[in-house]
Amino acid sequence: MYKKIDLTKLNIEDNYLPETFNGCRILHVSDLHNCDFGDRQEKLIQLSRQQKPDYIFMTGDMIDQYHAGMKQACLYIRGLIKIAPVFYVTGNHEWEIQEEVRRAFFSFLRRIGVVILHDEIIELKKEESSIQLIGIDDPYVALRKLGKIDDSLFAKYFLKRLSILNQRKKGMYTILLSHRPEFINYYSKVKINLVFSGHAHGGQFRLPILGSVLAPHQGFFPKYAEGIICKEDTSMIVSRGLGDSLFPVRIGNFPELLLVTLYKK
């Protein structure tokens, strides 16, 4: 059970943000991995409630193939849905876990009112203005079906999915929820304004001078492990995540909740 949780507050300024979304507060939750934060997850729920978010974005790996069941994830999410609208995309662990657990988890989310975005796009409206919210599934299933992945083939596949999703109402401010930060080149290529991501666990171990040490699918000294990363006109926010998976230790890298405030530049 973890005791300390870092609350990181980040600001995003963008000329393209509609005026009515100025000051919008987003709680970014990622990579819980069904970990335990005390009695009925109350510590996590209380900290989340205190931030008074307008929206809550979950970017995958809320459950875990190595941490049995889904009880801790469900307890936390049941608390979140009482705070603000919750939008969710899958991580790789949602697809790697046993099928019956995955089905039960998705059923629970829908039943309590979480919006699951399986390669979908919706509009978030405030007064007379809207922004696009895209949610893309983690590509684990597609990768498994393709077998040995050719990088150029996968790039074409991923770009095609994003481009199809992003073609509606061009010019509208667009936020993408996608589990994997290492695909930032693809996000930038289709001109996403803002991306919320996780997966990297903050590099698992964070050392002075060296920084983040190791991240899934990035290897040693990952470039995209935490914080705000910009590429051309795309900004990406990477959560260090709340839990752990195969490696049950985090060094110099406490579990993290992110509060992101959007401002019209």
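**Strand 15 and its neighbours**

I started with Cys230 and looked up its bridge partner in strand 15, which turned out to be Ser235. This is a predicted model, so I am reading a computed fold here.

Next I checked how the two strands around that pair run. Strand 14 (residues 227-231) is joined to strand 15 by 5 bridges, and the two run antiparallel. They form a hairpin with 2 residues between them. In that turn I noted Glu232, with a positive phi of about 55 degrees.

Then I went to the other partner, strand 9 (residues 194-197). Strand 9 pairs with strand 15 in the parallel sense, over 4 bridges. For a landmark I picked Phe196, which stands opposite Ile237 in strand 15.

Is strand 15 buried or exposed? I went through residues 234-238, and 5 of the 5 are buried, so the strand is largely enclosed by the rest of the structure. I also wrote down which way the residues point. Thr234, Met236 and Val238 go one way, Ser235 and Ile237 go the other way, and all are buried. Ser235, the partner of Cys230, is therefore a buried residue, at under 20% relative accessible area.

**The whole sheet**

I wanted to see where strand 15 sits among its neighbours. The order of the open sheet is 6-7-8-9-15-14, which makes 6 strands with mixed pairing. Strand 6 (120-126) and strand 14 are the edge strands, each pairing on one side only. From one strand to the next, the twist averages 20 degrees.

I looked at the strand 6 end too. Strand 6 pairs with strand 7 (residues 129-135) over 7 bridges, in the antiparallel sense. One spot I marked there is Lys125, which stands opposite Ser130 in strand 7.

**Two loop residues with positive phi**

Glu232 made me look up other residues of this kind. As a reminder to myself, most residues other than glycine have a negative phi.

His33 goes against that habit: phi is positive, about 55 degrees, although the residue is not a glycine. I found His33 in the loop between strand 2 (25-29) and helix 1 (42-50). Being in a loop does not put His33 on the outside, because its relative accessible area is 0% and it counts as buried.

Lys52 is my second case, a residue other than glycine with a positive phi near 50 degrees. Lys52 is in the loop between helix 1 and strand 3 (55-59). Is Lys52 buried or exposed? Its relative accessibility is 65%, and the cut-off for exposed is over 50%, so Lys52 counts as exposed.

**A look at Gln98**

Gln98 is in the loop between helix 3 (92-96) and helix 4 (99-112). I got 44% relative accessibility for Gln98, so it counts as partly exposed. I also looked up the spacing to Gln65, which is 33 residues apart from Gln98 along the chain. The C-alpha atoms of Gln98 and Gln65 are separated by 7.4 Å.

**Totals for the protein**

I closed the page with the overall numbers. How many helices and strands does the protein have? I count 7 helices and 16 strands. The protein has 265 residues, and 57% of them count as buried. Among the contacts with a separation of 6 or more, 73% come from residues 24 or more positions apart. The protein exposes about 12300 Å², and carbon and sulfur atoms supply 52% of that.

Technical notes
Residues are numbered from 1 along each chain as its sequence is written. This is a predicted model: local features need pLDDT of at least 70, side-chain atom pairs count only at pLDDT 80 or more; totals for chains, interfaces and linings use all residues. Side-chain values use heavy atoms; hydrogens and water are left out. Buried means under 20% relative accessible area, exposed over 50%, partly exposed in between (1.4 Å probe, protein chains only). Two strands pair if DSSP finds at least two bridges between them. Axes are lines fitted to C-alpha atoms, for helices over the stretch in contact, and angles run from 0 to 180 degrees between N-to-C directions. Contact means heavy atoms within 4.5 Å. Accessible areas come from the Shrake-Rupley method with a 1.4 Å probe; for residues, only the protein chains shown count as cover.
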